[in-house]
Amino acid sequence: RSSCCQKNRQIQGLCSESALADALVAAYKEKEQLRLQVEKFDKQVVQLDARCKSLSSAATADDALKEVGELRKQSNELSKLLNAKTADFRKVGGKAKPYADLASTVAGMSKKLTASMMAANAAKRKLQSAG
């Protein structure tokens with residue numbers, strides 16, 4: 001009886017290792033698609049940040065602030081998605097953090113968006129008081 005239980009445990013162990021390996025492969029394949037999404041988003045954030053630092057009118061400041069709002073929403077959604085993916089991976093027993101670098105990139109972009117928003121607001125105030 002004990003050898004049967006032992007065999008069963010070995011089989012379960014192998015199955016969970018196999019599930020973990022499959023999950024890891026899937027996570028890294030999916031990570032590549034997510035990386036492209038994050039890189040594209042990063043470019044948008046960098047361009048917007050540059051625009052926020054060189055605004056010429058209150059109207060362009062308003063447009064920039066709207067865009068910042070949109071990108072902040074996207075940033076939050078990306079962050080939630082990466083957290084969910086990490087949680088799914090953990091459910092399988094994964095200890096690795098396949099999405100950690102992307103999550104950290106998104107967190108950095110979120111900070112940059114906050115700085116962009118502050119720059120745009122400051123420019124808007126300055127332009128309104130000048131105009």
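1. Let's start at a charged spot on the surface of this predicted model. D101 is partly exposed, with a relative accessible area of 31%. Its salt-bridge partner is R35, and the closest N and O atoms of the pair sit 3.6 Å apart. D101 belongs to helix α3 and R35 to helix α1, so this bridge ties together parts that are 66 residues apart in sequence. R35 also counts as partly exposed, at 23% relative accessibility. That figure isn't far above the cut-off, because buried means under 20%.

2. Now the confidence, before anyone leans on side-chain detail. The chain has a mean pLDDT of 85, and 87% of its residues reach 70 or more. Confidence is lowest in helix α1 (residues 2-52), where the mean is 79, and highest in helix α3 (residues 100-130), at 92. Where pLDDT is low, the predicted coordinates should not be read in detail.

3. The overall layout is quick to describe. There are 3 helices and 0 strands, and along the sequence the pattern reads α-α-α. Of the 131 residues in the chain, 23% are buried. The accessible surface is about 8800 Å², with carbon and sulfur atoms accounting for 55% of that. If you take the contacts between residues at least 6 apart in sequence, 80% of them join residues at least 24 apart.

4. How do the spans of α2 and α3 compare with what is expected at 1.5 Å a residue? Helix α2 (residues 58-91) has 34 residues and reaches 49 Å from first C-alpha to last, close to the expected 50 Å. Helix α3 has 31 residues and reaches 45 Å, close to the 45 Å expected. Just after α2, G93 takes a positive phi of about 100 degrees, which is worth a glance if you check backbone torsions.

5. Next, the buried positions on these two helices. In α2 they are A61, A64, L65, V68, L71, S75, L78, L82 and F89. In α3 the buried set is L102, V106, M109, L113, S116, A120 and A123. Serine turns up in both lists, as S75 in α2 and as S116 in α3.

6. The largest nonpolar core has 24 residues, and F41 and L48 touch the most other members. The elements giving two or more residues to this core are α1, α2 and α3. For F41, leaving aside neighbours within four places in sequence, the contacts are L71, Q74, S75, L78, M109 and L113. Several of these can be matched to the buried lists above: L71, S75 and L78 are buried residues of α2, while M109 and L113 are buried in α3.

7. S75 deserves a point to itself. What surrounds S75, once its neighbours within four places in sequence are left aside? The contacts are F41, V106, S110 and L113. S75 lies in helix α2 and is buried, with a relative accessible area of just 1%. Two of those partners, V106 and L113, are themselves buried in α3.

8. Back to the charges. The structure holds 9 salt bridges. One of them pairs K124 with D62, the closest N and O atoms being 2.6 Å apart. K124 is in helix α3 and D62 in helix α2, so the pair ties together parts that are 62 residues apart in sequence. D62 counts as partly exposed, at 31% relative accessibility. Salt bridges that share partners also join K31, E32, R35 and D101 into one network, which brings the opening pair back into view.

9. Another salt bridge has partners in contrasting surroundings. Is each of K53 and D49 buried or exposed? K53 counts as exposed, at 60% relative accessibility, whereas D49 is buried, with a relative accessible area of 9%. The closest N and O atoms of this pair are 2.9 Å apart.

10. A last spot to look at is A103 in helix α3. A103 is partly exposed, with a relative accessible area of 27%. A103 and L81 are 22 residues apart in sequence, and their C-alpha atoms are 9.4 Å apart in space.

Terms used: Residues numbered from 1 in each chain as written. Heavy atoms only, no water. Helix = DSSP H or I, 4+ residues; strand = E, 2+ residues; numbered from the N terminus. Expected span 1.5 Å × (residues − 1). Buried < 20%, exposed > 50% of the residue type's maximum accessible area, 1.4 Å probe, protein only. Contact = heavy atoms within 4.5 Å. pLDDT = per-residue confidence, 0-100. Areas by Shrake-Rupley, 256 points an atom, 1.4 Å probe, with all protein chains shown as cover. Core = buried A, V, L, I, M, F, W, Y, C linked by side-chain atoms within 4.5 Å. Salt bridge = Lys/Arg side-chain N within 4 Å of Asp/Glu carboxyl O.
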